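Okay, thanks everyone, let me get the model up on the screen. I'll start with one helix and work outwards from there.

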Amino acid sequence: MEHYLDNSATTRVCPEAAQAAMEAMLETYGNPSSTYTKGREAKKLVDRARRQVSAALGCEPAELVFTSCGSESDNWALLSGAEAMCRKGKHIITSLVEHDAIRKSAEELERRGYEVTYLKPDRTGVIEPDALREALRPDTILVSLMLVNNETGAVTDLAAMSRVLKEEKSQALLHTDAVQGFMKLDFTPKSLGCDLVSISGHKVHAPKGIGALYIRKGLRLHPLIVGGAQEEGRRAGTEAVPQIAAFGEACRIAKDGLHNNISHMASLKDMAARELSEAIPGLCMLETAAPHILSVSLPGYRSEVLMNFLEVREIYVSRSSACKKGARSHVLEAIGMDARKIDGALRIGFSRYNTTEDVTALVEALRDASRTLAHR
């Protein structure tokens with residue numbers, strides 16, 4: 001029996017989203033820019049999905065632009081956000097524990113002549129508001145901080161960060177990569193005080209290849225992708241109607257069950273934390289606020305060996321972000337975790353589809369692994 005516990009890497013597409021994509025591919029397959037019936041039908045599908053996703057995020061449909069993924073949304077927010085504000089300064093603030101889509105964008109901005117300050121988290125991975133306050137300068141134009149860390153589950157208090165910007169009378173735009181927080185925490189862009197918010201479909205049971213960027217009303221960003229006039233001229237390229245339709249349906253379902261889903265995932269995380277601690281002496285664990293991500297470590301063991309042991313039993317977890325493809329976690333290094341703990345770290349990611357049986361299987365398997373594998 002399969003026990004999939006790597007939902008922070010990607011999620012299983014829910015049947016309703018898959019059905020929506022199938023219908024868009026086989027029935028409503030026109031180009032949304034075409035003016036005849038098939039095109040108008042596809043346009044209606046895109047418009048409906050935009051309403052569904054914006055309702056789940058808590059913004060106006062006109063403030064939501066579809067992208068190909070969270071990474072594209074992050075790139076767009078940073079590169080075009082900095083460009084939009086460049087006449088007011090060239091200082092940007094982010095953190096040492098961001099996703100590579102933010103880190104690489106920040107590095108690109110440095111190559112373009114911007115100065116970037118990287119905030120250091122505390123031992124639990126949290127960025128404190130005072131760290132932002134200390135880093136702010138008169139020429140700070142953009143702040144980008146992840147809502148939920150994709151490796152540790154640490155939650156950034158974006159509302160507090162927004163208050164800092166207001167108290168300091170900062171001109172800076174506030175962006176958050178909310179890919180791991182969307183439909184896992186109850187928030188809206190307004191409640192966070194953000195100007196820009198990145199989200200992704202495949203973390204909320206929609207297919208891969210679809211994301212969105214919230215752009216606050218009145219804020220104009222230069223397109224990252226130029227060409228046609230799709231997305232009101234903000235992002236060129238024929239819309240991926242099947243993925244968009246699926247994203248909309250997945251968001252509709254996730255929003256309807258949001259609070260129950262959060263409670264369900266949190267209870268599984270608590271169960272796993274409790275039972276793993278009891279079953280495996282020496283196991284280390286990060287206590288973080290996200291309901292769906294649990295970061296543990298078996299110091300002295302290798303993550304890859306543990307993952308292989310679990311995979312034989314059809315239990316799937318990861319060591320860090322899937323995008324790193326096995327590289328050592330920069331996030332765990334940034335919080336000061338020692339090398340032995342990093343090398344034995346595992347990330348467990350829950351979804352609404354997981355059960356207590358999944359947790360039991362994981363606990364039993366890791367207990368067996370700790371007893372039978374060679375300790376380094």
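So, helix H4: its buried residues are Asp100, Ala101, Ile102, Ser105, Ala106 and Leu109. Keep in mind that this is a predicted model. What sits on top of those buried residues? The cover includes helix H3 (70–85) and helix H11 (330–334), and also strands S3 (91–95), S4 (115–119), S5 (140–144) and S6 (173–177). I also checked the length of H4. It runs over residues 100–111, and at 1.5 Å a residue its 12 residues should span 16 Å; the end C-alpha atoms are 16 Å apart, so that agrees. After H4 comes Gly113, with a positive phi near 105°.

While we're looking at H3, have a look at Glu72, which is found in that helix. Is Glu72 buried or exposed? Its relative accessibility is 10%, and buried means under 20%, so Glu72 counts as buried. If you leave aside neighbours within four places in sequence, Glu72 is in contact with Thr67, Leu224, Ile225 and Arg235.

Now the other helix I wanted to show, H13, residues 356–372. Same sort of check here: 17 residues at 1.5 Å each should give 24 Å, and the end C-alpha atoms are 24 Å apart, which agrees. On the buried list for H13 we have Asp358, Val359, Ala361, Leu362, Val363, Ala365, Leu366, Ala369 and Ser370. Covering them are, among others, strand S1 (3–4), helix H9 (258–279), H10, strand S11 (315–316) and strand S12 (345–349).

H10 takes us to Ser303, since that helix covers residues 303–312 and Ser303 is in it. Ser303 has a relative accessible area of 0%, so it is buried. And what does Ser303 touch, not counting residues up to four places away in sequence? Arg319, and then Ile342, Asp343, Gly344, Ala345 and Leu346.

On to the nonpolar cores. The largest has 66 residues, and the ones with the most contacts inside it are Leu57, Phe66, Leu132, Phe182, Ile199 and Phe247. Helix H8, residues 241–256, gives the most to this core, with nine residues. Apart from that core there's another one, of 29 residues, including Leu5, Leu276, Leu283 and Val363. Val363 may ring a bell: it was on the buried list for H13. Back to Leu57 for a second: beyond residues up to four places away in sequence, Leu57 touches Leu64, Phe182, Phe187, Thr188, Pro189, Val197, Ile199 and Tyr214.

A quick word on rings. How many aromatic pairs does a search of the whole structure find? One. As for charges over rings, Lys38 lies over the face of Tyr29, 4.4 Å from the ring centre, and Lys90 lies over the face of Tyr114, at 4.9 Å from the ring centre.

Let me zoom out to finish. The chain has 13 helices and 12 strands. Its radius of gyration is 21 Å, close to the 21 Å the globule rule gives for 376 residues, so the chain is as compact as a globular protein of that length. The C-alpha atoms fill a box of roughly 65 × 55 × 35 Å along the principal axes. Of the 376 residues, 58% count as buried. And if you take contacts between residues at least 6 apart in sequence, 74% of them join residues at least 24 apart.

That's what I have, happy to take questions.

Key: Residues numbered from 1 in each chain as written. Predicted model: local features only at pLDDT ≥ 70, side-chain atom pairs only at ≥ 80, totals over all residues. Heavy atoms only, no water. Helix = DSSP H or I, 4+ residues; strand = E, 2+ residues; numbered from the N terminus. Expected span 1.5 Å × (residues − 1). Buried < 20%, exposed > 50% of the residue type's maximum accessible area, 1.4 Å probe, protein only. Contact = heavy atoms within 4.5 Å. Phe/Tyr/Trp six-rings, centres within 6.5 Å; stacked < 30°, edge-to-face > 60°. Lys NZ or Arg CZ within 6 Å of the ring centre and 35° of its normal. Core = buried A, V, L, I, M, F, W, Y, C linked by side-chain atoms within 4.5 Å. Rg over C-alpha atoms; globule rule 2.2 N^0.38 Å.
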